[in-house]
Amino acid sequence: MALPVSEESVQHEAAHDAAISGSDEGDTPSSPSPTEPRARTPNAIVKEYLLERVPEFRRLDSLREEGWQRPEGDAHFARQRHTADTSNQNGKTAWGFYKRMLSIAQELHDSTGALQIRHTASDPAILDMCAAPGGFLEVAMNQNPGACAVAFSLPESVGGHKLLMPRRSDVMCNFLDVTMLAADMGVGTGMAKAPEPDDTPKTAPTEQGKGQKHKLFGEVIPDNHPDADYFIRERQLQVSQKFDLVFCDGQVLRTHEEHRATYREKREATRLTLTQLALGLEHLRPGGTMVVLLHKVEAWDTVMLLRTFDRFTTGSTRTGRGVRTFKPRAGHKTRSSFYLVAMGVRSDSPEAHRAIARWKNLWRVATFGTDEEWTTAKYGDSSNEENVENLLEEFGDKLVALGRSVWKIQAQALKKAPFMQDAWATARPREFSG
């Protein structure tokens, strides 16, 4: 059964957990041959490291194990998924979702101060990569009088959430699929011609443009690509366009599935996360703030992303800047989701530029590459046992500090969850100790 701490009211958490540089759901590296010793996976190494050192993580892990045995958990989260999938058809549910996001955004700001633009800027600006229903953007705009905003949101007609924040002249919202921002993601700046995909779209392409090559700044997208007619071939964000605060909190929606080409399914969580990260960081003013929705602090891909941001974010105890994590109590307490809050990001640093280039390259391979090319690009050498242990030696203490409160809040919520009450009452004390 699915863990009761797995996907939330949006979805595909398991895929999203691995969306930065690892696998999507159901997509793993090649298995060793029967004669080869089975290497420990990166996730297993990180888990072992944390179990040995962090009582909050041990407690959460024990509760998760109990959750595996609780069919009530499956039923609970199945109901939540159904509610999320039908929220646009139910006005009360949609407004409830919107108000919950308002509460979470306000709680995040009260805890971190991240939504107020602090460094001086003559034209303060906010970028929201996946805005609907609009709770985070509304709170941020209220915190920054005089700011303007650019927002993107998946259209309702293809399964996107309804945008419920009040319309305002200082917010420009573009309704589109951000994973299709080919020009913004650098297609035509030296990428080799894409190989021929062996897949077809679930919905027929439009007649317009058939039989033509689609050029992006001199590059050619093959006509036989399933999405040849759907890529957005003009920049939506100009090179010089910069923002002080960037939200990257979009997730793959089940309600969008029927509108996506089938080749995208195993890679979609990756494509969405990479698009948000690459464009968000590329268009962030030096010293600005990024707020990124992630899952499972302990997942290997999340660990690498936290370490990546830590390398180009200036930390300061006095100002509260640096890389932080935030786990809301206003909602989603039982789930593994949390927010990375990076304040004082050196977006003009060589480390940031390298991260942007890597994320854009991974998006290109996820969008145009073969399965073999995708596997090679994802895994590389970063996931071998020696590299995982070296990273933990370098970054382990910071990882524990970042994860401790997230694990504690989730464990407390799981203990009190209705579907866990019987498990808690009958469990042996040692199973929940620590």
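In which loop does Q238 have its place? The legends below, which describe a predicted model, begin with that residue.

**Figure 1. Q238 in the loop between β5 and β6.** Q238 is found in the loop between β5 and β6. With a relative accessibility of 44%, Q238 counts as partly exposed, because the class of partly exposed residues lies between the limits of 20% and 50%. Along the chain, Q238 and D184 are 54 residues apart, and their C-alpha atoms are separated by 8.3 Å.

**Figure 2. The salt bridge between R235 and D184.** D184 takes part in a salt bridge with R235, in which the closest N and O atoms are 3.9 Å apart. The pair links distant parts of the chain, 51 residues apart: R235 belongs to the loop between β5 (219–221) and β6 (243–248), and D184 to the loop between β3 (171–175) and β4 (214–216). R235 counts as partly exposed, with a relative accessibility of 24%. D184, in contrast, has a relative accessible area of 0% and is buried.

**Figure 3. The salt bridge between E389 and R40.** Side chains of opposite charge can pair when their charged atoms come close. In this view the side chains of E389 and R40 meet in a salt bridge, with an N to O distance of 2.6 Å. Distant parts of the chain are linked by this pair, since E389 lies in helix α11 (residues 385–416) and R40 in the loop between α1 (13–17) and α2 (42–53), 349 residues apart. E389 is partly exposed at 35% relative accessibility, and R40 is partly exposed at 29%.

**Figure 4. The salt bridge between R307 and E394.** The closest N and O atoms of R307 and E394 are 3.3 Å apart in this salt bridge. R307 is part of helix α8 (residues 300–311) and E394 is part of helix α11, so the pair ties together parts that are 87 residues apart in sequence. R307 is buried, at a relative accessible area of 14%, whereas E394 counts as exposed, at 52% relative accessibility.

**Figure 5. A network of salt bridges.** D177, D227, R264, E268 and R271 are joined into one network by salt bridges that share partners. In the whole structure, a search finds 21 salt bridges.

**Figure 6. The aromatic pair of F57 and W407.** Nine aromatic pairs are found by a search of the whole structure. One of them is formed by F57 and W407, which are arranged edge-to-face, with 5.2 Å centre to centre and 65° between the planes. F57 lies in helix α3 (residues 55–68) and W407 in helix α11, so this pair ties together parts that are 350 residues apart in sequence. F57 is buried, with a relative accessible area of 1%, and W407 is likewise buried, with a relative accessible area of 1%.

**Figure 7. Further contacts of aromatic rings.** F136, F247, F326 and Y339 are linked into a cluster by ring pairs. In a contact of another kind, the charged end of R53 sits over the ring of Y49, at 3.8 Å from the ring centre.

**Figure 8. The largest cavity and its lining.** The largest cavity holds about 480 Å³ of space. Its lining is made up of 35 residues, and those that lie nearest the centre are C130, H161, D249, G250 and Q251. At least two residues of the lining come from each of α5 (91–112), α6 (135–143), β2 (148–153), α7 (268–282) and β9 (337–345). By residue class, the lining comprises 18 nonpolar, eleven polar and six charged residues.

**Figure 9. The second largest cavity.** The model has four cavities of 30 Å³ or more, and the second largest has about 70 Å³ of space. The residues lining this second cavity are A114, L115, Q116, I117, R118, H119, D244, L245, T289, R321 and M343. Five of these lining residues are nonpolar, three are polar and three are charged.

Conventions:
Residues numbered from 1 in each chain as written. Predicted model: local features only at pLDDT ≥ 70, side-chain atom pairs only at ≥ 80, totals over all residues. Heavy atoms only, no water. 1 Å grid on protein atoms, 1.4 Å probe; cavity = no way out; pocket = protein on both sides within 12 Å on 5 of 7 lines; lining within 4 Å. Points joined across faces, edges and corners; volume = space filled by probe spheres on them. Helix = DSSP H or I, 4+ residues; strand = E, 2+ residues; numbered from the N terminus. Nonpolar A, V, L, I, M, F, W, Y, C, P; charged D, E, K, R; others polar. Salt bridge = Lys/Arg side-chain N within 4 Å of Asp/Glu carboxyl O. Buried < 20%, exposed > 50% of the residue type's maximum accessible area, 1.4 Å probe, protein only. Phe/Tyr/Trp six-rings, centres within 6.5 Å; stacked < 30°, edge-to-face > 60°. Lys NZ or Arg CZ within 6 Å of the ring centre and 35° of its normal.
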